[in-house]
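Student: I've got a model open and I'd like to practise reading it. Can we go through it together, one question at a time?

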Amino acid sequence: MTWTRKPIIPALAVCVALLAGTAGCDTGAGHGPDEVSPSPVGRLLDERDKDGRPYREVDAEGAPRVTVEVAPDAEGGWDVRLRVRNFRFSPDGTGRRAEAGRGLAHLEVNGRRVALLRTPEFHLAPGTVSRGTHHVTARLYADDGSVWAVDGEPVESTADITVSGQEPTAEPSVEPIAAGPGSPGGPGQA
């Protein structure tokens with residue numbers, strides 16, 4: 001019996017070419033000027049928030065969602081709870097790279113930022129807001145500082161609270177916070 005050696009390298013080369021060809025296929029979808037990338041991190045839009053941060057457009061299906069709930073506490077303050085879906089809060093010190101459904105929330109009262117949230121709970125201390133009706137808004141941001149958006153609108157939620165029984169103050173008591181370490185655009189961030 002005679003054994004003949006058959007070359008195995010050409011057979012391996014064909015297998016590699018087939019696998020690479022199917023893995024590298026791209027339909028080209030999402031690359032036109034008005035198309036959203038099928039990527040879960042979406043694409044940056046020209047629209048920006050009031051701080052100049054770009055909107056990051058993602059498809060509605062599977063997009064991050066947020067609902068803000070505010071309830072009075074026994075001491076005269078307010079407990080704020082964010083209900084999120086398709087979103088994870090990033091811990092402090094997370095890199096400045098957008099990842100699908102991940103980041104932090106900016107909490108605003110009447111359009112003025114009061115907190116950067118990396119957890120779904122926050123407490124507005126007694127006296128933080130004066131008598132009257134106020135708008136508490138939570139908006140979701142990616143770790144790179146871009147605003148999560150669907151159909152050109154930021155992913156956000158607003159709840160109204162009405163404060164009674166307090167004397168009005170001469171100055172607004174809600175002050176914007178300074179960006180701190182670990183916050184997008186804060187000290188030590190590029």
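Student: Which side chain joins His-106 in a polar contact of 3.2 Å?

Tutor: Keep in mind that this is a predicted model. A polar contact needs N or O atoms within 3.5 Å, and the 3.2 Å here fits that cut-off. The partner of the His-106 side chain is the side chain of Arg-113.

Student: Is His-106 buried or exposed?

Tutor: His-106 is found in strand β6, residues 102-109. Buried means under 20% relative accessible area. His-106 counts as buried because its relative accessible area is 2%.

Student: Which residues is His-106 in contact with, leaving aside its neighbours within four places in sequence?

Tutor: Arg-113 is one of them, and you've already met it through the polar contact. The others listed for His-106 are Arg-53, Ala-115, Leu-116, Thr-137, Ala-138, Arg-139 and Tyr-141.

Student: Now for β2. Which residue in β2 does Arg-43 stand opposite?

Tutor: Strand β1 covers residues 43-48 and runs antiparallel to β2, with three bridges joining them. In the hairpin of these two strands, five residues lie between them, and Gly-52 takes a positive phi near 85°. Opposite Arg-43 in β2 stands Glu-57.

Student: And which residue in β10 does Arg-56 stand opposite?

Tutor: β2 also pairs with strand β10, residues 147-150, in the parallel sense over three bridges. Along β2, Pro-54 and Arg-56 point one way while Tyr-55 and Glu-57 point the other way, and all are buried. Across from Arg-56 in β10 is Trp-148.

Student: Where does Asp-59 sit, and is Asp-59 buried, exposed or partly exposed?

Tutor: Look in the loop between β2 (54-57) and β3 (65-72) to find Asp-59. Asp-59 and Gly-42 are 17 residues apart in sequence, and their C-alpha atoms are 7.5 Å apart in space. Buried is under 20% and exposed is over 50%. Asp-59 has a relative accessible area of 42%, so the right label is partly exposed.

Student: Last one: how are the rings of Phe-87 and Phe-89 arranged?

Tutor: The count of aromatic pairs comes to one. That pair is Phe-87 and Phe-89, with 5.3 Å centre to centre and 90° between the planes. Phe-87 and Phe-89 are both buried. Planes over 60 degrees apart get a particular label, and for Phe-87 and Phe-89 that label is edge-to-face.

Terms used. Residues numbered from 1 in each chain as written. Predicted model: local features only at pLDDT ≥ 70, side-chain atom pairs only at ≥ 80, totals over all residues. Heavy atoms only, no water. Helix = DSSP H or I, 4+ residues; strand = E, 2+ residues; numbered from the N terminus. Buried < 20%, exposed > 50% of the residue type's maximum accessible area, 1.4 Å probe, protein only. Pairing = 2+ DSSP bridges. Phe/Tyr/Trp six-rings, centres within 6.5 Å; stacked < 30°, edge-to-face > 60°. Polar contact = N/O pair within 3.5 Å; in protein donor to acceptor, adjacent residues only side chain to side chain. Contact = heavy atoms within 4.5 Å.
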